[in-house]
Amino acid sequence: NSQIPNFGHWSLVIGHSPYILSLAAFEPRKNIDGLIAAFEQFSMLNAQCSIVLVGAYGSAERMIRRQSARSPARDHIHLTLHHHGRLLLFNKTSGFI
């Protein structure tokens, strides 16, 4: 699991591999845990792809962080709170969920 603290690190994530972008509050109703589970399956077929989860504080944030830290795909799951560089992320994404 990689927390992306500043814009400089975004270029490492988005510059070298395809990625899927998700913008959603870290709330149970957003099913981020299901998205992480689906990404784990997808990453077995496409090991070069990452997922960037951009969210807002929510009641499921701690659970999502734990799940991503324990995930077999944890090196390709990137979590951050709302980020002012979202436009760049949209422009470079391979897919948006």
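Mentor: A residue is called buried when its relative accessible area is under 20%, exposed when it is over 50%, and partly exposed in between. The model we apply this to is a predicted one.

Trainee: Why is F42 called partly exposed?

Mentor: F42 has a relative accessible area of 35%. That value lies between the limits of 20% and 50%, so F42 is called partly exposed.

Trainee: What makes F39 count as buried?

Mentor: The relative accessibility of F39 is 3%. The limit for buried is under 20%, so F39 meets it.

Trainee: How do you know that F39 and F42 form an aromatic pair, and what makes the pair tilted?

Mentor: Their ring centres are 6.3 Å apart, with 40° between the planes. Rings pair if their centres lie within 6.5 Å, so the distance qualifies. The angle is neither under 30 degrees nor over 60, so the pair is tilted rather than stacked or edge-to-face. By this rule the protein has one aromatic pair.

Trainee: Why are F39 and F42 separated by about one helical turn?

Mentor: Because F39 and F42 are three residues apart in helix α2.

Trainee: How many helices and strands does the secondary structure of the protein have?

Mentor: There are four helices and five strands, and along the sequence they follow the pattern β-α-β-α-β-α-β-α-β. Of the 97 residues, 41% count as buried.

Trainee: Which residues are buried in helix α3?

Mentor: In α3, residues 61-70, the buried residues are E61, I64, R65 and S68. They span an arc of only 100° around the axis, which means that they lie on the same side of α3. The face turned away from that buried side carries R62 and R70, which are exposed.

Trainee: What makes E61 buried?

Mentor: E61 has a relative accessible area of 13%. Buried requires under 20%, so E61 falls in that class. Setting aside residues up to four places away in sequence, E61 touches F26 and L81.

Trainee: Why does I64 count as buried?

Mentor: I64 has 0% relative accessibility, and the limit is under 20%, so the class is buried. Beyond its neighbours within four places in sequence, I64 is in contact with F26, I32, I36 and L79. In the case of I36, 28 residues separate the two in sequence, and their C-alpha atoms are 8.5 Å apart.

Trainee: Which residues have the most contacts inside the largest nonpolar core?

Mentor: That core has 16 residues, and I32, I51, L53, I64 and I77 have the most contacts inside it. At least two residues come from each of α2 (32-45), β3 (50-55) and β4. The largest share, four residues, is from α2. Apart from this core lies another of five residues, among them Y19, L21, V52 and V54.

Trainee: Which residues does I51 touch, not counting residues up to four places away in sequence?

Mentor: I51 touches I20, L35, F39, H76, I77 and H78.

Trainee: What makes D75 count as exposed?

Mentor: D75 has 61% relative accessibility, and exposed means over 50%, so D75 belongs to that class. Its place is the loop between α3 and β4 (77-81). The C-alpha atom of D75 is 8.2 Å from that of S50, with the two residues 25 apart along the chain.

Trainee: Why does N31 count as partly exposed?

Mentor: N31 has 44% relative accessibility, between 20% and 50%, so partly exposed is the class. N31 lies in the loop between β2 (19-23) and α2. It is not a glycine, yet N31 has a positive phi of about 55°.

Trainee: Which elements have the lowest and the highest mean pLDDT?

Mentor: Strand β1, residues 2-3, has the lowest at 48, and α2 the highest at 95. The protein averages 81, and 76% of the residues score at least 70.

Trainee: Where does pLDDT stay under 50?

Mentor: Over residues 3-7, for which the model has 12 contacts beyond four places in sequence. Predicted coordinates should not be read in detail where pLDDT is low.

Definitions and conventions. Residues numbered from 1 in each chain as written. Predicted model: local features only at pLDDT ≥ 70, side-chain atom pairs only at ≥ 80, totals over all residues. Heavy atoms only, no water. Buried < 20%, exposed > 50% of the residue type's maximum accessible area, 1.4 Å probe, protein only. Arc of directions from axis to C-beta. Contact = heavy atoms within 4.5 Å. Core = buried A, V, L, I, M, F, W, Y, C linked by side-chain atoms within 4.5 Å. pLDDT = per-residue confidence, 0-100. Phe/Tyr/Trp six-rings, centres within 6.5 Å; stacked < 30°, edge-to-face > 60°.
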